[in-house]
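User: I have a model open on my screen and would like to learn how to read it. Could you walk me through the features step by step?

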Amino acid sequence: MILGKHLKSIAKIAVAYLLAATSPIHATHPNFPNRIVQILQTDLSVIELIKNIEQQTGYLFVYNEKDIDLNQQVRVSNQEKSVEETLRNAFSATDINYSFSENYISLRKKSLSDPSDNLQQNKKQVTGTIIDEFGNSVIGTSIIEKGTSNGIITDFDGNFSLSVSNDAVLVIMIIRIMSVDLLNII
């Protein structure tokens, strides 16, 4: 059983390294996404908006740089507003959609075929925990709404929460870390 604990520790370190390599790790705030932010500029780039919100809230933005133009200019009100209202105003005239999950804000490009682009109608929240055959939580598992770019990664306890369309099919991708004993090494 000690080996199982070590593998779980190694898996946690691997996921933490993966998250740290792509962007900073942040803490969850209990009022997410109603946390209040104040953006001092009215016209700024998407990356400047992301940095402002991350610094003020500790939330983590997740996006694909191929889909999101980080230099695109957006307009926001410089009054204190919730994160949700700030993003709604900033991205209303753009091709960027956003969704909240845990302490993550996912950005993705709007598409005509993406059912998650509809105005939050016909949506449901799916929450769960991914565990292995031994009952251990599986961290870093990807859960994606099939046919869309809407997805999330499980946290350190294997938990996830994702807003999906009512007729969604979830695709679950688990990356396993395995050890192999090598014999007769020269």
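**Reading the fold**

Analyst: Happy to! The chain has an accessible surface of about 11600 Å², and carbon and sulfur atoms make up 54% of that surface. Keep in mind that this is a predicted model.

User: How many helices and strands are there in the chain?

Analyst: The chain holds three helices and 12 strands. Burial adds to the overview: of its 186 residues, 37% count as buried. Contacts add another angle. Among those in the chain with a separation of 6 or more, 60% are between residues 24 or more positions apart.

User: Now the strands. What holds the strands of a sheet to one another?

Analyst: Strands in a sheet are paired through backbone hydrogen bonds, and the pairing is either parallel or antiparallel. Strand S7, residues 104–109, lets you see both kinds. With strand S3 (residues 60–62), S7 runs parallel, and three bridges join them. With strand S6 (residues 96–101), S7 pairs in the antiparallel sense over six bridges.

User: Which residues in S7 are the bridge partners of Phe 61 and Ile 96?

Analyst: Phe 61 has Ile 105 as its bridge partner in S7, while Ile 96 is matched with Lys 109 in S7. Also look at the turn: the hairpin of S6 and S7 has two residues between the strands, and Glu 102 takes a positive phi near 55° there.

User: Is S7 mostly covered or mostly open?

Analyst: Mostly covered: five of the six residues in S7 are buried.

User: What about the sheet with S9? In which order do its strands lie?

Analyst: The order is S10-S9-S12, three strands forming an open sheet with antiparallel pairing. Its edge strands are S10 (151–153) and S12 (170–173), each of which pairs on one side only. From one strand to the next, the twist averages 15°. To find the register, follow strand S9 (residues 142–145), which runs antiparallel to S12 and is joined to it by four bridges. Ser 142, for instance, stands opposite Met 173 in S12.

User: Let's turn to side chains. How many aromatic pairs are found in the whole structure?

Analyst: A search of the whole structure gives two aromatic pairs. Phe 91 and Tyr 98 make a tilted pair, with 6.3 Å centre to centre and 45° between the planes. Tyr 98 and Phe 100 make an edge-to-face pair, with 5.6 Å centre to centre and 80° between the planes. Through these ring pairs, Phe 91, Tyr 98 and Phe 100 are linked into a cluster.

User: Why does Tyr 98 count as buried?

Analyst: The idea is to compare relative accessibility with a cut-off: buried means under 20%. Tyr 98 has 17% relative accessibility, so it counts as buried. Phe 100 is at 19%, and therefore counts as buried as well. Phe 91 is also buried, as is Tyr 98.

User: Where is Asn 150 placed, and is it buried or exposed?

Analyst: Asn 150 lies in the loop between S9 and S10. Asn 150 counts as buried because its relative accessibility is 2%. Here is something to try on your screen: pick the C-alpha atoms of Asn 150 and Tyr 98. These two residues are 52 residues apart along the chain, and their C-alpha atoms are separated by 9.4 Å.

User: Thanks, that gives me a route through the model.

How values were computed:
Residues are numbered from 1 along each chain as its sequence is written. This is a predicted model: local features need pLDDT of at least 70, side-chain atom pairs count only at pLDDT 80 or more; totals for chains, interfaces and linings use all residues. Side-chain values use heavy atoms; hydrogens and water are left out. Two strands pair if DSSP finds at least two bridges between them. Axes are lines fitted to C-alpha atoms, for helices over the stretch in contact, and angles run from 0 to 180 degrees between N-to-C directions. Buried means under 20% relative accessible area, exposed over 50%, partly exposed in between (1.4 Å probe, protein chains only). Rings of Phe, Tyr and Trp (its six-membered ring) pair if their centres lie within 6.5 Å; planes under 30 degrees apart count as stacked, over 60 as edge-to-face and the rest as tilted. Contact means heavy atoms within 4.5 Å. Accessible areas come from the Shrake-Rupley method with a 1.4 Å probe; for residues, only the protein chains shown count as cover.
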